[in-house]
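Welcome to a small set of exercises. Please open the structure in your viewer and keep the sequence beside it.

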Amino acid sequence: MEKNLIKRREMYLTGLVLVALYLSLAENFIPKPFPWMKLGLSNIAVLIALEKFDSRFAMELVLLRIFIQALMLGTLFTPGFIISLTAGALTTLFMIGLYRLRDHLSLVAISSMSAFLHNMIQLIVVYFLMFRNVSIYSKSIMGFVWIFLLIGVIAGIVTGFIAEKLNLRRSNTK
């Protein structure tokens with residue numbers, strides 16, 4: 001029986017990684033204010049993983065999606081990959097922590113707070129990778145930062161709302 005549960009878990013993980021990859025790649029066709037910006041729709045799969053399975057499953061999902069997507073796009077070990085891996089892993093840990101408060105927080109709240117943190121981490125990593133010699137205290141840069149963070153929170157709200165509407169129940173296939 002244990003072998004069956006492991007096989008079923010692997011099937012669900014594979015399916016959710018494919019959903020996350022599809023959603024992440026499909027975002028390229030959605031008009032955005034900045035060409036490199038993503039809405040984080042793949043986080044719907046992460047919220048599903050947290051709701052139906054457990055934190056380890058969610059972390060595996062995020063790491064697999066990031067690595068597979070980087071292999072598919074030929075961006076493995078590029079600055080974009082490093083930004084994605086750092087922000088994705090740290091934000092997923094944060095999301096897991098928030099999920100432990102699920103009785104008090106909706107998926108919309110978890111998703112929007114995680115989106116804000118994700119964008120903050122991205123900005124910090126981008127700064128240290130590429131812009132250490134640039135003063136970040138100018139009006140234009142601070143304006144960009146706040147717009148970027150606001151768009152992230154709005155996208156997190158949308159993502160959380162979609163996940164909430166899926167009306168998931170925890171599964172016994174851990």
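The exercises below start with the whole fold and then turn to single residues, and the model used throughout is a predicted one.

**Exercise 1. Describe the fold and judge how compact the protein is.**

Step 1. Begin with the secondary structure: the protein has 6 helices and 0 strands. Read from the N terminus, the order of elements is α-α-α-α-α-α.

Step 2. Now compare the radius of gyration with the globule rule. The protein comes out at 17 Å, close to the 16 Å that the rule gives for 174 residues, so the protein is as compact as a globular protein of that length.

Step 3. For the outer dimensions, fit a box along the principal axes: the C-alpha atoms fill roughly 60 × 40 × 30 Å.

Step 4. Finish with the contacts. Of those between residues at least 6 apart in sequence, 71% join residues at least 24 apart.

**Exercise 2. Characterise the surface and the charges of the protein.**

Step 1. Burial comes first: 37% of the 174 residues are buried.

Step 2. The exposed area is about 10400 Å², and carbon and sulfur atoms supply 68% of this area.

Step 3. For the charges, take the mean position of the 17 positive ones and that of the 8 negative ones; these two points are 5 Å apart.

**Exercise 3. Find out how the buried residues of helix 2 are placed.**

Step 1. Select helix 2, residues 43-52, and count: 8 of its 10 residues are buried, which leaves the helix mostly covered.

Step 2. List the buried residues. They are Ile-44, Ala-45, Val-46, Leu-47, Ile-48, Ala-49, Leu-50 and Glu-51.

Step 3. Look for the packing partners. The buried residues of helix 2 pack against helix 1 (2-26), helix 3, helix 4, helix 5 and helix 6 (139-165).

**Exercise 4. Classify two aromatic pairs by the geometry of their rings.**

Step 1. Count the pairs in the protein: there are 6 aromatic pairs.

Step 2. Take Phe-53 and Phe-57. Their ring centres are 4.2 Å apart and their planes meet at 15 degrees, so the pair is stacked; the cut-off for stacked is under 30 degrees.

Step 3. Check the surroundings of this pair. Phe-53 is buried at 2% relative accessible area, and Phe-57 is buried at 0%. Ring pairs also link Tyr-12, Phe-53 and Phe-57 into a cluster.

Step 4. Turn to Phe-67 and Phe-81. With ring centres 5.1 Å apart and planes at 65 degrees, this pair is edge-to-face, as the angle is over 60 degrees.

Step 5. Place the second pair on the chain. Phe-67 lies in helix 3 (residues 55-73) and Phe-81 in helix 4 (residues 79-99), so the pair ties together parts that are 14 residues apart in sequence. Phe-67 is partly exposed at 34% relative accessibility, whereas Phe-81 is buried at 4%.

**Exercise 5. Examine the backbone and the exposure of Phe-77.**

Step 1. Locate Phe-77 in the loop between helix 3 and helix 4.

Step 2. Read off phi: the angle is near 65 degrees, a positive value in a residue other than glycine.

Step 3. Test the exposure. Phe-77 has 61% relative accessibility, so the residue counts as exposed, for which the cut-off is over 50%.

**Exercise 6. Work out which residues His-118, Asn-119 and Leu-149 touch, leaving out residues up to four places away in sequence.**

Step 1. Start with His-118 in helix 5 (residues 107-130). His-118 is partly exposed at 22% relative accessible area and touches Ala-87, Gly-88 and Thr-91.

Step 2. Move on to Asn-119, also placed in helix 5. Asn-119 is buried at 8%, and its contacts are Phe-148, Leu-149 and Gly-152.

Step 3. Follow the contact to Leu-149, which sits in helix 6 and is buried at 3% relative accessible area. Leu-149 touches Phe-116, Asn-119, Met-120 and Leu-123.

Step 4. Add two C-alpha distances. His-118 and Ile-147, 29 residues apart along the chain, are separated by 14 Å. Leu-149 and Leu-73 are 76 residues apart in sequence and 26 Å apart in space.

Terms used: Residues are numbered from 1 along each chain as its sequence is written. This is a predicted model: local features need pLDDT of at least 70, side-chain atom pairs count only at pLDDT 80 or more; totals for chains, interfaces and linings use all residues. Side-chain values use heavy atoms; hydrogens and water are left out. Helices (H or I, at least four residues) and strands (E, at least two) are DSSP runs, numbered from the N terminus. The radius of gyration is taken over C-alpha atoms; the globule rule is 2.2 Å times the number of residues to the power 0.38. Buried means under 20% relative accessible area, exposed over 50%, partly exposed in between (1.4 Å probe, protein chains only). Contact means heavy atoms within 4.5 Å. Accessible areas come from the Shrake-Rupley method with a 1.4 Å probe; for residues, only the protein chains shown count as cover. Lys and Arg count as positive and Asp and Glu as negative; His and the chain ends are not counted. The place of a charge is taken as NZ of Lys, CZ of Arg, CG of Asp or CD of Glu. Rings of Phe, Tyr and Trp (its six-membered ring) pair if their centres lie within 6.5 Å; planes under 30 degrees apart count as stacked, over 60 as edge-to-face and the rest as tilted.
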